[in-house]
Amino acid sequence: MNENQLPSNHTFEIQPVRNGRGLVARQAIAPGEHIVELTGRITTVDEVWAYWETDPQRAANCVSYDAEFYIDPDGEAVQFANHSCAPNAGIVREAKNLVLKACEPILPGQEITFDYATLSTADDEWEMKCNCGHASCRGTIGTVASIPDDVYRRYLELGIVPEFVAHTR
């Protein structure tokens, strides 16, 4: 995909950010506002494991859809959604869809981020070094079990830990 084909919408655009490219707000986004639906090909855990051998970046961009399947967002906007240990957005389930929603006010020009650990069940075997740069950075992104208790409680209050992930903690 070249720069002219990058997905965007009226709410955000893909721009250079601290960690490569990311979703950057084009306009103010209020808490609770829908930013983008997570779209892509539904894939199995076995397919994601195979990506780790052939295309680690693609594997890293896959997100848990439910307890058994993942969304492979290759070529979709959500592949540019970066992690932060102090996110301004989160993933919520709406019927059968996963949606990125603002969990705090987002200003124009601000990067839109979510906490990757909110989509990683406690039994996942995954972690990566964090480079979010926030004062509360945990240093490592891991599973939902790695989220500090006070932060986890806040995420639950905001509704940004999908039930299929929350029940594994």
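Which residue in β6 is the bridge partner of S64? That partner is Y70, and the views below, all of a predicted model, start from there.

**View 1. The three-stranded sheet, centred on S64 and Y70.** Here we're looking at an open sheet with the strand order β4-β6-β5 and antiparallel pairing. β4 (41-44) and β5 (63-64) sit at the edges with a single partner strand each, so one side of each has no neighbour in the sheet. The S64–Y70 pair belongs to the contact between β5 and β6, where two bridges join β5 to residues 69-72 and the strands run antiparallel. Look for helix α1 as well: its residues 45-54 lie across β4 and β6, and the helix runs at about 90° to β4.

**View 2. The four-stranded sheet and its hairpin.** This second sheet is open too, with four strands in the order β1-β2-β10-β7 and mixed pairing. Its edge strands are β1 (12-17) and β7 (82-83), each of which pairs on one side only. Follow β1 into β2 and you trace a hairpin with two residues between the strands. Six bridges hold up the pairing of β1 with β2 (residues 20-25), and the two run antiparallel. For a landmark, pick I14, which stands opposite L23 in β2. As a reminder, sheet strands pair through backbone hydrogen bonds, whether parallel or antiparallel.

**View 3. The largest nonpolar core, with L100 in focus.** Nonpolar side chains in soluble globular proteins tend to be buried together. The largest core in this model has 42 residues, and F12, L23, I35, L38, L100 and I112 have the most contacts inside it. Elements giving two or more residues to this core are β1, β2, β3 (34-37), β8 (89-94), β9 (97-102), β10 (111-114), α3 (149-158) and α4 (163-166). β9 gives the most, with four residues. Zoom in on L100 and, leaving aside neighbours within four places in sequence, you'll find contacts with L23, E33, H34, I35, V36, L38, A89, G90, I91, I112 and F114. Another core, of five residues, lies apart from this one, and V48, A59, C62 and Y70 are among its members.

**View 4. T11, just ahead of the hairpin.** T11 is found in the segment before β1. With a relative accessible area of 2%, T11 is buried. Not counting residues up to four places away in sequence, T11 touches V24, A25, R26, Q27, I29 and I35.

**View 5. The aromatic pair F114 and Y116.** The structure holds one aromatic pair, and this is it: F114 and Y116, with 5.2 Å centre to centre and 55° between the planes, which makes the arrangement tilted. Are these two rings' residues buried or exposed? F114 comes in at 2% relative accessibility and counts as buried. Y116, at 18%, also counts as buried, since the cut-off is under 20%.

**View 6. Two arginines over tyrosine rings.** In one case, the charged end of R93 sits over the ring of Y65, 4.8 Å from its centre. In the other, R169 lies over the face of Y152, at 3.9 Å from the ring centre.

**View 7. A166 in helix α4.** A166 has its place in helix α4 and counts as buried at 15% relative accessibility. Once neighbours within four places in sequence are set aside, A166 is in contact with Y152, L156 and V161. Y152 is the tyrosine from the previous view, the one with R169 over its face. Across the chain, the C-alpha atoms of A166 and T118 are separated by 8.1 Å, though the two residues are 48 apart along the chain.

**View 8. A95 and its backbone angle.** Most residues other than glycine have a negative phi. A95 is not a glycine, yet its phi is positive, at about 55°. You'll find A95 in the loop between β8 and β9. Buried or exposed, then, for A95? At 71% relative accessibility, A95 counts as exposed.

Conventions: Residues are numbered from 1 along each chain as its sequence is written. This is a predicted model: local features need pLDDT of at least 70, side-chain atom pairs count only at pLDDT 80 or more; totals for chains, interfaces and linings use all residues. Side-chain values use heavy atoms; hydrogens and water are left out. Two strands pair if DSSP finds at least two bridges between them. Contact means heavy atoms within 4.5 Å. Axes are lines fitted to C-alpha atoms, for helices over the stretch in contact, and angles run from 0 to 180 degrees between N-to-C directions. A nonpolar core is a set of buried Ala, Val, Leu, Ile, Met, Phe, Trp, Tyr and Cys residues joined through side-chain atoms within 4.5 Å. Buried means under 20% relative accessible area, exposed over 50%, partly exposed in between (1.4 Å probe, protein chains only). Rings of Phe, Tyr and Trp (its six-membered ring) pair if their centres lie within 6.5 Å; planes under 30 degrees apart count as stacked, over 60 as edge-to-face and the rest as tilted. A charge sits over a ring if NZ of Lys or CZ of Arg is within 6 Å of the ring centre and within 35 degrees of the ring normal.
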